[in-house]
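Me: Please take a close look at a single part of this model, starting from one pair of residues and widening the view step by step. I would like the cut-offs behind each term spelled out once.

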Amino acid sequence: MQSLAFKYFVEVAEYGSLSAAAEKLGVAISAVSRQVSMLEERVGTALFDRGVRGMALTEAGALLLQHARRQILETDATLQEIARLQGMAQNHIRIACTQGLANQLVPKTIAGFQKEFTDTTFDLWIDRAATAAGRVADGNADIAITFSSKPVDNVAVRYV
């Protein structure tokens with residue numbers, strides 16, 4: 001399972017600030033700061049460049065974030081498999097798409113899918129095409145549905 005320090009680190013990386021991460025997590029800023037500092041001490045280097053406009057990942061921080069995201073995905077998959085073994089399977093699909101597809105096509109498709117597969121839940125993020133594809137590359141979405149002519153590194157295009 002993911003440590004508290006990793007969880008807080010991922011949130012700071014996502015939101016770019018201690019205060020935004022603390023608000024999302026529902027904890028004090030000092031708690032987030034302390035966990036990030038302890039993690040930096042443990043790995044022996046700074047994970048963030050701290051600036052007036054927030055916090056940006058260092059090269060070491062970017063490497064650790066990739067690891068943390070892989071760990072989150074593996075943990076989620078393992079927990080789903082355990083639930084399946086106990087007869088409580090629930091599949092969860094994370095979709096990122098562009099605004100034009102989020103108005104009708106994607107919601108209708110999700111609704112039709114859920115009629116047949118009632119144990120499936122969805123998260124839907126709506127953003128620009130590059131950001132949606134980037135969510136897949138980062139491990140924050142399982143699929144991106146976009147209109148785009150530019151490929152994104154680390155993302156396999158399955159349908160054109």
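Reply: Ile93 stands opposite Phe122, which belongs to strand 4. This is a predicted model, in which local features need pLDDT of at least 70 and side-chain atom pairs count only at pLDDT 80 or more, while totals for chains, interfaces and linings use all residues. Residues are numbered from 1 along each chain as its sequence is written, and side-chain values use heavy atoms, with hydrogens and water left out.

Ile95 has a bridge partner in strand 4, namely Leu124, and another in strand 5, where Ile143 takes that role. Strands here are DSSP runs of E with at least two residues, helices are runs of H or I with at least four, and both are numbered from the N terminus. Strand 3 (residues 91-97) is joined to strand 4 by seven bridges and to strand 5 by three, and it runs parallel to strand 4 as well as to strand 5. Pairing requires that DSSP finds at least two bridges between the two strands.

Together, three strands form an open, parallel sheet in the order 4-3-5. Strand 4 (120-126) and strand 5 (143-145) are its edges, each pairing on one side only. On average, neighbouring strands of this sheet are turned by 25 degrees against each other, direction ignored. Helix 7 (residues 129-138) packs on the sheet, where it touches strand 3, strand 4 and strand 5, and its direction makes about 170 degrees with that of strand 5. Touching, or contact, stands for heavy atoms within 4.5 Å, and angles run from 0 to 180 degrees between N-to-C directions, with axes fitted as lines to C-alpha atoms, for helices over the stretch in contact.

The helix packing elsewhere in the chain can be described in similar terms. Helix 1 (residues 4-15) packs against helix 3 (residues 29-43) at an angle of about 110 degrees, the axes lying 9 Å apart, which makes helix 1 roughly perpendicular to helix 3; that label covers 65 to 115 degrees, whereas under 35 counts as roughly parallel, over 145 as roughly antiparallel, and the rest as oblique. Leu4, Ala5, Phe6, Tyr8, Phe9 and Val12 make this contact from the side of helix 1, and Ala31, Val32, Gln35, Val36 and Leu39 from that of helix 3. By class, there are ten nonpolar residues, one polar and none charged in this contact, with Ala, Val, Leu, Ile, Met, Phe, Trp, Tyr, Cys and Pro taken as nonpolar, Asp, Glu, Lys and Arg as charged, and the others, including Gly, as polar.

Helix 1 also approaches helix 2 (residues 18-25), their axes coming within 8 Å and crossing at roughly 120 degrees, so helix 1 is oblique to helix 2. Here Lys7, Tyr8, Glu11, Val12 and Tyr15 of helix 1 meet Leu18, Ala20, Ala21, Lys24 and Leu25 of helix 2, a contact with seven nonpolar, no polar and three charged residues.

For the chain as a whole, the secondary structure comes to seven helices and five strands. Of its 160 residues, 30% count as buried, that is, under 20% relative accessible area, with over 50% called exposed and the range in between partly exposed (1.4 Å probe, protein chains only).
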